[in-house]
Amino acid sequence: MNAWMILRLALRALVKNKVRTALTMLGILIGIASVIAMVALGQGASRMVEDQINAMGRNIVMVLPGAASSGGFSWGSGSIQTLTPDDAAAIAKEVPTVAATAPVVRVRGVRQVVAGSQNWVPDNAMGTNTDFPQVRDWPLDEGTFFSEQDVRYATKVCVIGATISQNLFQGASPLGQTVRIKNMPFKVVGLLTRKGTNAIGQDQDDTLLVPWTTAKRVLEGSTFNNVSQILLSVDTAGHIPAAMAEVTALLHQRHRIRPGEADDFRLMSMTEMASATAETSKVMSILLLVTACISLLVGGIGIMNIMLVSVVERTREIGVRMAMGARGRDILAQFLAESVALSLAAGVLGMLLGASASWGIQHFLQWPTQLSLGAVAVSLLFSCGIGVFFGMYPAVRASRLDPIEALRHE
Amino acid sequence: MTPLIRLEGISKTYHLGEVDIRPLQEVTLEIAAGEVVSITGASGSGKTTLMNILGCMDRPSEGSYRLEGREVAHLSPDERARLRNQVFGFVFQSFNLLSRTSALENVELPLMYWRSLPGAERHALALEALRRVGLADRVDHHPNQLSGGQQQRVAIARALVTRPKILLADEPTGNLDSRSEKEIMDLFGQLHAEGITVILVTHNPEIAAVAAHRIRLKDGRVQEDVR
């Protein structure tokens, strides 16, 4: 018997029992469909996280003010305001692997930004320095960023994001326009490029930037120099751990923290956050994959069960074939081809179902998915393997039947 | 001249726990090419066992079986399968056609093994075999659409399609009415005339009488062997 004849024989046998074939295929079909959909979802999620990390700026490390404690009682993160723009400048100067630093002052109490008859409350108003676009990897669409001069003299200039521009100027160029913040006139010098929403769903284009000096002296009316955070960009990802260690040592020295004393600052790298997120989604997708594999196992056992029933039902046919000269291996090939055809067909259908499910998830739930060719290939191989593995035992049983006994079977 | 089949001291023993069952004991016989042979005997006399051994479905426990002078008593299962495919044709009492399969495909069945024929050639051979048994107009019928006599003729066509030297028939008319029985026996007569050796296992004396060479078994031994 050649391969083509064996295949035709197998397909014929499967078509003869349509309902049984369909029900047997269901287990594998659902298993493969969920594997494909899960992998697509997992890959989509990790690509989204990756995109968002990249949107934050590459190789970014945040320095946050630490927690004050008195008598063993912690006042919580940010309760001491010890970080200053001088720290930022020192880090940029002393740590060679840090390419640029930007101190960030979150401006409180900015209610409205007014331009003519329009007004808008920005989600995010920050004071920073001239290196901010470089650190955040966030270029300007139009105009220029504010200058060193502006920072030195606390000039009333601002750079705005696309959302603010849209709401205040309805698509007209904001450059050179005057907006009023806390009833003071600010000149718009630049428009940031559109970035979209970030990892926690905030609109990053709803951002207003002013020189940090302007933020402290003019908007807050403060004489202190403390900032909410310092952003560092490290030259390459590989240097991040070393740079973090050097920054820690430098800040220990600058803040006169002796060994054993609690730090008054905290370092956080975006890559760490990213890998934490990636780890969570990896664990999730492994759990889902395990579930899918269990369903494949159950489906495989279903195939084995049906093939055993089929061998018993067709004992007489096997006897006739043996009397006509079929060898054990001919019978083995016939039944094995049947179970492989069954599971492979289920695999192909499951693949189509999984692909359309992930398309549906993307289309209707707006979750990102990414179909992977690898998962498709592995699923097909896997369903083939299931057919061989679970079909082997029934096929071997069929091939070992004694022709005389088999012919006598009622 | 070497006989087509020569059995010498053939015994078959089954071990059932403590008890030994010996359906065949010391059977010695010869069958010449082109003969019609009948094997008769009461049930339990060893007819079926003898036929299974003759048809290479079963192996004897002892003795020698020479097929055209070649010892086949101890061949491997695959070698025996090849002999069943190429030397023997089998006809059973209950026809043993594959259900839900057309007459033509049933007849093609033996051609699927041990040879790689293109589909068209297989069809042509099967069609010719069906024509020989007078069923050229029933090729697409399934067994349940055919009468008993017609089903047995399909089974004979299936046995003939490989052009065997020996046709082994086990109670071929046991399930048929007398008219169909006559048809089938006429067909065997015709095959004999064409030079095929026909071995009939039966308990029907009328059928046994057709054979020129009659073997009668009793309790696993040859009781009578007349030509």
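**Exercise 1. Find the bridge partner of B:Ile5 in β2(B), then place the pair in its sheet.**

Solution. In β2(B), B:Ile31 is the bridge partner of B:Ile5. The model used here is predicted.

Step 1. Look at the strand pair. Strand β1 (residues 5-16) of chain B runs antiparallel to β2(B), and 8 bridges join them.

Step 2. Widen the view. The open sheet has 4 strands, in the order β2-β1-β4-β5 (chain B). Its pairing is antiparallel.

Step 3. Find the edges. They are β2 (19-31) and β5 (70-71) of chain B. Each has a single partner strand, so one side of each is left without a neighbour in the sheet.

**Exercise 2. Decide whether B:Ser38 is buried or exposed, and describe its surroundings.**

Solution.

Step 1. Locate the residue. B:Ser38 lies in strand β3 (residues 36-40) of chain B.

Step 2. Apply the cut-off. Buried means under 20% relative accessible area. B:Ser38 has 0% relative accessibility, so B:Ser38 counts as buried.

Step 3. List the contacts, leaving aside neighbours within four places in sequence. B:Ser38 touches B:Leu200, B:Ala208, B:Ala211, B:His213, B:Arg214 and B:Ile215.

Step 4. Find the residue across the strand pair. B:Ser38 stands opposite B:Arg214 in β9(B). β3(B) and strand β9 (residues 213-218) of chain B run parallel, joined by 4 bridges.

**Exercise 3. Work out the strand order of the open sheet of 6 strands in chain B.**

Solution.

Step 1. Read the order: β6-β7-β8-β3-β9-β10 (chain B), with mixed pairing.

Step 2. Name the edge strands. β6 (88-91) and β10 (221-226) of chain B each pair on one side only.

Step 3. Note the twist. From one strand to the next, it averages 15 degrees.

Step 4. Add the helix. Helix α5 (residues 148-160) of chain B packs on this sheet and touches β6 and β7 (166-170) of chain B. The direction of α5 makes about 170 degrees with that of β6(B).

**Exercise 4. Describe how α1(A) and α11(A) cross, then check the length of α11(A).**

Solution.

Step 1. Take the geometry. Helix α1 (residues 3-16) of chain A packs against helix α11 (residues 328-365) of chain A at about 65 degrees. Their axes are 8 Å apart. The crossing is right-handed.

Step 2. Sort the contact residues. They divide into 10 nonpolar, 1 polar and 1 charged. Among them are A:Leu9 of α1(A) and A:Gln334 and A:Glu338 of α11(A).

Step 3. Test the length. At 1.5 Å a residue, the 38 residues of α11(A) should span 56 Å. The end C-alpha atoms are 53 Å apart, which agrees.

Step 4. Look just past the helix. A:Gln366 takes a positive phi of about 60 degrees.

Note on methods: Residues are numbered from 1 along each chain as its sequence is written. Chains are lettered from A and ligands numbered from 1 in the order in which they are written. This is a predicted model: local features need pLDDT of at least 70, side-chain atom pairs count only at pLDDT 80 or more; totals for chains, interfaces and linings use all residues. Side-chain values use heavy atoms; hydrogens and water are left out. Helices (H or I, at least four residues) and strands (E, at least two) are DSSP runs, numbered from the N terminus. Buried means under 20% relative accessible area, exposed over 50%, partly exposed in between (1.4 Å probe, protein chains only). Contact means heavy atoms within 4.5 Å. Axes are lines fitted to C-alpha atoms, for helices over the stretch in contact, and angles run from 0 to 180 degrees between N-to-C directions. A crossing is left-handed if the near helix is turned anticlockwise from the far one by less than a right angle, and right-handed if clockwise. Ala, Val, Leu, Ile, Met, Phe, Trp, Tyr, Cys and Pro count as nonpolar, Asp, Glu, Lys and Arg as charged, and the others, Gly among them, as polar. The expected span of a helix is 1.5 Å times one less than its number of residues. Two strands pair if DSSP finds at least two bridges between them.
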